[in-house]
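Please read this note with the sequence and the structure open beside each other. The points below go through the chain one region at a time, and each can be checked by finding the named residues in the view.

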Amino acid sequence: MAASMDSTRGCPPDTTSEPAEDRGSEDDFGPSELGTKEYWDEAYQRELETFRDIGDVGEIWFGEESMSRVLRWMDKAQIPESAAILDIGTGNGALLVELAKQGYTNILGVDYSAASVELSRSVLQTEDITGVTVKEVDFLSCSEELRGFDVCIDKGTYDAISLNPDKTEEGKGRYVQALRDALKEGGFFIITSCNWTKDQLLQRFSEGFEFVQELPTPRFQFGGKTGNSVTALTFKRLH
């Protein structure tokens, strides 16, 4: 698959060249094509065609280490293999593959891009993995379709929603509500972000969720300061 280093696909350049604590408020990011469905439809259509041509699954958002980080936490948290797991914005399905290889048996991946769904299904078939479901679903408009999950995982989808040129604040609010609806009481939410700091994510997910743990991510030095280019947090769904 892709390189093992953390990638920053979908992140504005200014968010990956400075420590997280210097990124500022939630209003600092302007709209971007990275927040549009059209962009991702085109991107995953290209990746689908490439996969058909040469078998390359494309880029893994945040790199393979980001998936390992999530899987290690799930193992330490003793998430049972039968747990209902939702991958929000599944992309090329790489995380679905790794979850299945770790023995998880109740996995659903959703994405609003039809090309992403087709690519994910093709990758799963190539890996000879059965029993994983992939659906074309807009997470912000799923109403009653997504319910009862023990674990929800997001690697960059909330970032993309935050960059949408249209009704950005409304979209972020709808995301939190959709997440509350999807998770069981006591269920876990694992988010990886390159746009938002720990404090910003704690504020955004303060209602209906309890902060559990910050997962270690690569640190770097910039301008005499030390920081993280990626933030990874876990939360628990409250009553």
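**Notes on the predicted model**

1. Aromatic pairs. The count of aromatic pairs comes to 14 when rings of Phe, Tyr and Trp are paired if their centres lie within 6.5 Å. One of them is formed by Tyr 39 and Trp 40, whose ring centres are 4.8 Å apart and whose planes stand at 90° to each other, so this pair counts as edge-to-face, the term used for planes over 60 degrees apart. Please bear in mind throughout that this is a predicted model.

2. Two neighbours with unlike surroundings. Although they form a pair, Tyr 39 is partly exposed, with a relative accessible area of 24%, whereas Trp 40 has a relative accessibility of 5% and counts as buried. The reason for the two labels is the cut-off, because buried means under 20% relative accessible area and exposed means over 50%, with partly exposed in between.

3. The chain as a whole. The protein chain has seven helices and nine strands, and of its 239 residues, 52% count as buried. Its accessible surface comes to about 11,000 Å², and 45% of that surface belongs to carbon and sulfur atoms. Among the contacts between residues at least 6 apart in sequence, 77% join residues that are at least 24 apart.

4. An aromatic cluster and strand β9. One aromatic cluster is formed by Phe 139, Tyr 158, Tyr 175, Phe 189, Phe 205, Phe 209, Phe 211 and Phe 235. Strand β9, which covers residues 231–237, is mostly covered, with six of its seven residues buried. Which strands pair with β9, and in what sense do they run? Strand β5 (residues 183–193) is joined to β9 by six bridges and runs antiparallel to it, and strand β6 (residues 209–215) also pairs with β9 in the antiparallel sense, over six bridges. Phe 235 in β9 stands opposite Phe 189, and Phe 235 is also the bridge partner of Phe 211. These three residues can therefore be found both in the list of the cluster and in the strand pairing when the definition of a strand pair is applied.

5. A buried serine. Ser 113 lies in the loop between β2 (106–111) and α4 (114–126), and at 0% relative accessibility Ser 113 counts as buried. The side chains of Ser 113 and Asp 41 are joined by a polar contact of 3.0 Å. Leaving aside residues up to four places away in sequence, Ser 113 touches Trp 40, Asp 41 and Tyr 44. Of these, Trp 40 is the buried member of the pair described in the first point.

6. A charge over a ring. The charged end of Lys 37 sits over the ring of Tyr 112, at 5.8 Å from the centre of that ring. A student may find this arrangement by looking along the side chain of Lys 37 towards Tyr 112.

7. Helix α1 and a distant residue. Phe 51 has its place in helix α1 (residues 37–54), and Phe 51 counts as buried at 11% relative accessibility. Its C-alpha atom is separated by 8.5 Å from that of Ser 122, although the two residues are 71 apart along the chain.

8. Helices α3 and α5. Ala 94 lies in helix α3 (residues 94–101) and, at 3% relative accessibility, counts as buried; the C-alpha atoms of Ala 94 and Glu 64, which are 30 residues apart along the chain, are separated by 8.8 Å. Thr 157 has its place in helix α5 (residues 157–162) and is buried, with a relative accessible area of 14%. A polar atom of the side chain of Thr 157 lies 2.8 Å from the backbone oxygen of Ile 88.

9. Two positive phi angles. Most residues other than glycine have a negative phi. Gln 78 is not a glycine, yet has a positive phi of about 55°; Gln 78 is found in the loop between α2 (64–76) and β1 (84–88) and, at 68% relative accessibility, counts as exposed. Asp 128, which is not a glycine either, has a positive phi of about 60°; Asp 128 is found in the loop between α4 and β3 (133–136) and is exposed, with a relative accessible area of 66%.

Technical notes. Residues are numbered from 1 along each chain as its sequence is written. This is a predicted model: local features need pLDDT of at least 70, side-chain atom pairs count only at pLDDT 80 or more; totals for chains, interfaces and linings use all residues. Side-chain values use heavy atoms; hydrogens and water are left out. Rings of Phe, Tyr and Trp (its six-membered ring) pair if their centres lie within 6.5 Å; planes under 30 degrees apart count as stacked, over 60 as edge-to-face and the rest as tilted. Buried means under 20% relative accessible area, exposed over 50%, partly exposed in between (1.4 Å probe, protein chains only). A charge sits over a ring if NZ of Lys or CZ of Arg is within 6 Å of the ring centre and within 35 degrees of the ring normal. Helices (H or I, at least four residues) and strands (E, at least two) are DSSP runs, numbered from the N terminus. Contact means heavy atoms within 4.5 Å. Accessible areas come from the Shrake-Rupley method with a 1.4 Å probe; for residues, only the protein chains shown count as cover. A polar contact is a pair of N or O atoms within 3.5 Å; within protein, one must be able to donate a hydrogen and the other to accept it, and residues adjacent in sequence count only if both atoms are side-chain atoms. Two strands pair if DSSP finds at least two bridges between them.
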